[in-house]
Amino acid sequence: MSQAHTVFGSLKDYTKGTIELVSGEARHYVFSNIFEVASKAQPYERIVVGKNLEYVQEVMRAEGVSPWFACAHDEFALCMDGEVTVDFIRMKHPPGAAKNGAVLAGDAPEGARMGHVKLKRGHQVLLGAGNAYRFTATVTGVLMQQTVLGDLSVQKWREICLS
Amino acid sequence: MPDTQVVSTQPSNRNGYRSFRLGKFELARDEYFVTVHWPAKGARRSHQMPADAFLRACMRDVAWNFFYGWVNFDHVIGTRNHYGRVDFYAGTFNGTLKEAGVDYLEQFDGDHIMATFKAILRDWVNEGFDPFAAPVETGTAFGPKQGDNIAAIERTRIATRRMPGLPGDSPLRNDMSVNRAFADVSQDEPEIHAEPGFEGELHAFSLFKYLSRSDVTWNPSVTAVCKASLACPTTEEFILPVFHGNDRVEWFIQLSDEIVWDVGDKNTGAPRARVTMRAGDVAAMPADIRHQGYSTKRSMLYVWENVTPGLPQRYESGELPPYPVEF
């Protein structure tokens with residue numbers, strides 16, 4: 001009976017996959033690696049690694065303290081590496097319902113403090129609609145965020161994808 | 001219930017299995033194989049699959065409610081979902097058989113084909129065989145009819161509306177055991193510290209713990225709903241029992257370990273690529289391909305779907321390109 005050995009990636013240890021083409025082009029698969037993307041990113045730069053029409057998956061290098069963000073709809077963050085605390089504020093003036101994607105919420109969003117959540121690898125947190133949130137990385141890591149393309153989304157496909 | 005529409009024979013005196021008719025298709029199984037017959041070019045054509053492969057594919061088609069687009073059981077037979085109506089075909093999406101004109105396709109009411117597939121599973125899945133399980137975790141599908149495994153084939157999952165574990169939403173898996181292949185996965189949960197008055201309003205859970213406790217393979221569960229964007233992670237071991245043909249763009253994010261994907265042309269099956277995905281890799285499955293995955297070590301895969309209404313028509317008409325990003 002062999003012992004289980006599950007391989008997760010990290011900023012320090014990842015091995016990117018490959019594409020063996022028969023026909024077509026590698027770029028059609030929009031292939032990237034979130035740890036590679038985060039390793040070259042600025043802290044909390046929201047780099048799009050997946051795009052399905054208006055919906056996106058953004059990758060962030062979690063390092064230090066992020067700005068306060070807010071969103072009119074639910075978002076979900078998955079901690080893929082490191083340790084991150086998320087602080088929440090119930091905003092007095094949340095983004096308008098028609099606004100898609102995350103926005104900056106200012107240095108001190110007005111509203112009541114809701115509490116905080118401590119994440120490690122594999123933990124997923126709900127970033128509820130209308131709440132401001134701020135990440136603090138106690139151990140530098142990587143966050144992947146399911147959201148909608150917005151003002152803060154950064155697309156640089158040529159730099160991150162196999163082609 | 002449309003069970004009365006299911007057309008089947010009495011059990012075979014030789015092996016104990018019933019045979020089924022779906023329109024002009026005839027489906028039969030014996031100790032080792034499932035055989036499908038259909039009419040084409042004035043003759044009765046046939047195709048065989050190993051019984052275990054057929055049952056694993058049929059199980060996914062039922063569990064996924066015919067899924068998004070094409071569910072190819074193998075290189076010859078499969079279904080195409082028109083969301084209410086469903087095609088069953090033989091050779092239609094095999095370049096050689098299609099060109100030879102020996103293919104056949106018939107469209108059915110979704111309830112009718114679903115009832116027929118469920119009846120097939122109830123009759124053809126023997127005691128001890130679980131079509132959702134990895135091969136090393138289940139008994140054999142082969143041999144003459146011996147009992148059944150209704151509990152395995154009629155697993156039900158509560159649909160997730162927003163995120164598992166929220167009040168009134170789908171449950172977490174704390175009462176399920178950790179799979180042997182994920183025995184080393186941390187079972188720690190996030191710490192939630194709510195201020196007075198906000199108890200129950202912050203929510204987080206360990207997705208990796210949740211996945212480590214999945215008792216099925218190649219069967220996504222929704223874990224996050226952002227409008228029409230669904231996170232559908234799943235655990236994978238051995239072979240995806242179907243060659244899934246996309247009617248929209250689908251994305252994969254490899255959370256752990258490795259999966260190799262064979263990618264082929266959606267209409268002909270002609271090979272296009274082999275895509276090896278390792279932990280942290282992200283890749284799109286374009287809207288004009290079919291794909292089948294191989295995972296030696298049980299792995300965690302984040303499948304990401306867009307369920308915006310009308311997408312199949314927009315891709316098929318050419319309004320949307322098959323590739324999600326131009327660069």
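**Entry 1: a pair of strands across the chains**

I looked up Q124(A) to begin with, and in this predicted model I found that Q124(A) stands opposite F205(B), a residue of β11(B). I then widened the view to the two strands concerned, and noted that strand β9 of chain A, residues 123-127, pairs in the antiparallel sense with strand β11 of chain B, residues 204-206, over 3 bridges. As a reminder to myself, I wrote down that the strands of a sheet are joined through backbone hydrogen bonds, and that the pairing may be either parallel or antiparallel.

**Entry 2: the contact between chains A and B**

Next I asked how many residues each chain brings to the contact. I found 59 residues from chain A and 59 residues from chain B. On the side of chain B that touches chain A, I saw that strand β17, residues 271-278, gives the most, with 8 residues. When I sorted the residues of that side of chain B by kind, I got 34 nonpolar, 11 polar and 14 charged.

**Entry 3: the domains of chain B**

I then turned to chain B alone, which is divided into domain 1 (2-153) and domain 2 (180-215 + 217-316). I noted that the centres of these two domains of chain B, taken over C-alpha atoms, are separated by 25 Å. Where the domains of chain B meet, 20 residues of domain 1 are in contact with 22 residues of domain 2. Looking for the elements of domain 1 that give two or more residues to this side, I found α1 (51-63) and β6 (70-72) of chain B, and the largest share, 5 residues, comes from α1(B). I also recorded that the residues on this side of domain 1 of chain B divide into 13 nonpolar, 5 polar and 2 charged.

**Entry 4: a sheet in chain B and its helices**

My last search was for an open sheet in chain B, and I found one of 5 strands in the order β1-β2-β3-β4-β5, with antiparallel pairing. Its edge strands are β1 (7-8) and β5 (43-50) of chain B, each of which pairs on one side only. Within the sheet I followed strand β3 (residues 25-29) and strand β4 (residues 33-40) of chain B, which pair over 4 bridges, and I noted V34(B) in β4(B) as the bridge partner of R29(B).

Which strands does α1(B) touch as it packs on the sheet? I found that α1(B) touches β3, β4 and β5 of chain B, and that its direction makes about 90 degrees with that of β5(B). Helix α3 (residues 110-124) of chain B also packs on the sheet, touching β1, β2 (20-22) and β3 of chain B, and the direction of α3 makes about 165 degrees with that of β2(B).

Notes
Residues are numbered from 1 along each chain as its sequence is written. Chains are lettered from A and ligands numbered from 1 in the order in which they are written. This is a predicted model: local features need pLDDT of at least 70, side-chain atom pairs count only at pLDDT 80 or more; totals for chains, interfaces and linings use all residues. Two residues are in contact if their C-beta atoms, placed from the backbone, lie within 7 Å. Ala, Val, Leu, Ile, Met, Phe, Trp, Tyr, Cys and Pro count as nonpolar, Asp, Glu, Lys and Arg as charged, and the others, Gly among them, as polar. Two strands pair if DSSP finds at least two bridges between them. Domain bounds come from an automatic or database domain assignment. Axes are lines fitted to C-alpha atoms, for helices over the stretch in contact, and angles run from 0 to 180 degrees between N-to-C directions.
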